[in-house]
Amino acid sequence: MYGRTWKLNGNKSKEIRGYLLRKGGIEESPTNPYELWRIKLKGSTFVYYTSGKLYSTQSEEAEEIWKEIDSLVGDNLDLSKDYFIGFDEVGKGEVFGPIITCGVLIKRDYISQIPSELKTPDTKKSHDFEYWGRILSIINKHISDVFFYAIDLIQPREIDRFNINQLLDLSYTKLIKRLMEGLPLGVEARVVIDDYGVGEGLKKFLEKESKESNFEYIFAIDSEDKFLEVKLASLIAKAHRERILKFLQETYGIPRNLIKGNMSNKKLELFLVNYSHIDSWFIRKSFGNKVKKEKPSFYNLISEEGKFRCFFCGKENNEAFLRNYKFVCPFCDKEMKDLDLAMKYHSGVIKVDKESFEPILEVIKNSHLLDGFGFVVDHALKGYFIYYENIGRILTLDKPPSKYITSRVKGDVVVFSLFRNVDNI
Ligand SMILES: [Zn+2]
């Protein structure tokens, strides 16, 4: 059992205060300047804060009251839409581990069935890893074709080199395509993205898409308080990041109180001065404006048609070769630098077969070339990938999206090509 939190505006708070008092709630005096009112009812204390948050402490008897508050609060849903798709990210300002971006799709009919632990989770307190593990298992239990999500990992090595917001644009473009690929043509959908400073590329992409199909898009600040679909995206991203941080902390010996730190934390700064690890891929090194960040122009290494471009010989090809931990051009044999990142953002999912499995696992073990990718592997082989998934280097997927990367062994190289399964669309 955990408490619950809601975000209310002034009028809603009056309405709910009235409801709690009618139900027999006893008013108490606020205990600090941040509390506007405080009511005891059914073993729980309901506190409304100047921030607009209503918090209810844990109590089994209060569940009926919580449900009533849920229905009074509403979720800002425009019920003329068939689908609600929300996006959010976590970890943007933190030192350890990847940023997690998440997109959630909910079909309208399913909204009333979303478990209340997910709709209004207890976000007032900071929770232990166990709580997040429980949230993750509730989420995974409810995944279906009317409620599902996709996540992406943006790794410290990328953040150290490239503009974060532009990486977020690319990550969200990929996730939007992935979530929307199975929707019937012409359905009404709403896409809400928590506004981190959305760039022109993503705006143009959404504009074009919304002209071709019936969807509305919204960029909103603090949208996790206002839109159910963003609240869920935020919650899922958080649950995955917590899962990863737990393993990072254990694997790399980072104190628990520092694992979620950002650079303004003096203790963390001091810790990092004395900390060293032979492979510190999980630590972000660039902070502030001192480091000039590159534009993620690697994206152009793959053409619209899904062909790989070689900057040395100028040729385009359907295939790229992986040899000695490098992608090389099949024509001129030169290294195709950053092609890994281009592949990651154009599809990001590699289908592994029985033959390509071993060389690919070797690459994951000994380099960071394939970090951030999702892998579709046979159930029997999945165990080999779990460790890398746990620490947040890769993801595994049960089935490929319609656009994915195939891999096969040919002599001493692994051949990668982008594949689009048109039957899926
Ligand atoms: Zn070439």
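**Exercise 1. Domains**

State which domains the assignment gives and how far apart the C-alpha centres of domain 1 and domain 3 lie.

Solution. Step 1: the domain assignment gives domain 1 (4–73), domain 2 (83–244) and domain 3 (298–424). Such bounds come from an automatic or database domain assignment. Step 2: between the C-alpha centres of domain 1 and domain 3 the distance is 51 Å.

Two notes apply throughout. Residues are numbered from 1 along each chain as its sequence is written. The model is predicted: local features need pLDDT of at least 70, side-chain atom pairs count only at pLDDT 80 or more, and totals for chains, interfaces and linings use all residues.

**Exercise 2. Two hairpins**

Trace the pairing from strand E3 through E4 to E5, and find the residues with positive phi in the hairpins.

Solution. Step 1: fix the terms. Strands (E, at least two residues) and helices (H or I, at least four) are DSSP runs, numbered from the N terminus. Two strands pair if DSSP finds at least two bridges between them.

Step 2: take E3 (residues 35–41) and E4 (residues 44–49). They pair in the antiparallel sense over 6 bridges. Arg38 stands opposite Val47 in E4. The hairpin has 2 residues between its strands, and Lys42 in the turn has a positive phi of about 50°.

Step 3: move on to E5 (residues 53–56). E4 and E5 run antiparallel, joined by 3 bridges. Here Val47 faces Tyr55 in E5. This hairpin has 3 residues between the strands, and Gly52 takes a positive phi near 95°.

**Exercise 3. The sheet of 5 strands**

Give the strand order, name the edge strands, and place helix H7.

Solution. Step 1: the sheet is open, with mixed pairing and the order E8-E7-E6-E9-E10. Step 2: the edges are E8 (147–154) and E10 (215–220), each pairing on one side only. Step 3: the twist averages 15° from one strand to the next. Angles run from 0 to 180 degrees between N-to-C directions; axes are lines fitted to C-alpha atoms, for helices over the stretch in contact.

Step 4: check one pair. E7 (residues 99–107) and E8 are antiparallel over 8 bridges. Val104 stands opposite Tyr149 in E8. Step 5: add H7 (residues 200–212). This helix packs on the sheet and touches E9 (189–194) and E10. The direction of H7 makes about 155° with that of E10. Contact requires C-beta atoms, placed from the backbone, within 7 Å.

**Exercise 4. Helix H4 against helix H9**

Describe how H4 and H9 pack, and sort the contact residues by type.

Solution. Step 1: H4 (residues 129–142) and H9 (residues 228–252) pack at an angle of about 130°, with axes 9 Å apart. Step 2: H4 is therefore oblique to H9. Angles under 35 degrees count as roughly parallel, over 145 as roughly antiparallel, 65 to 115 as roughly perpendicular and the rest as oblique.

Step 3: H4 contributes Phe129, Trp132, Gly133, Ile135, Leu136 and Ile139. H9 contributes Leu235, Ile236, Ala239, Glu242, Arg243 and Lys246. Step 4: the contact residues divide into 8 nonpolar, 1 polar and 3 charged. Ala, Val, Leu, Ile, Met, Phe, Trp, Tyr, Cys and Pro count as nonpolar, Asp, Glu, Lys and Arg as charged, and the others, Gly among them, as polar.

**Exercise 5. The sheet of 7 strands**

Give the strand order and name the edges.

Solution. Step 1: the order is E14-E13-E19-E18-E15-E16-E17, in an open sheet with mixed pairing. Step 2: E14 (326–328) and E17 (395–397) stand at the edges. Each has a single partner strand, so one side of each lacks a neighbour in the sheet.

Definitions and conventions: Two residues are in contact if their C-beta atoms, placed from the backbone, lie within 7 Å.
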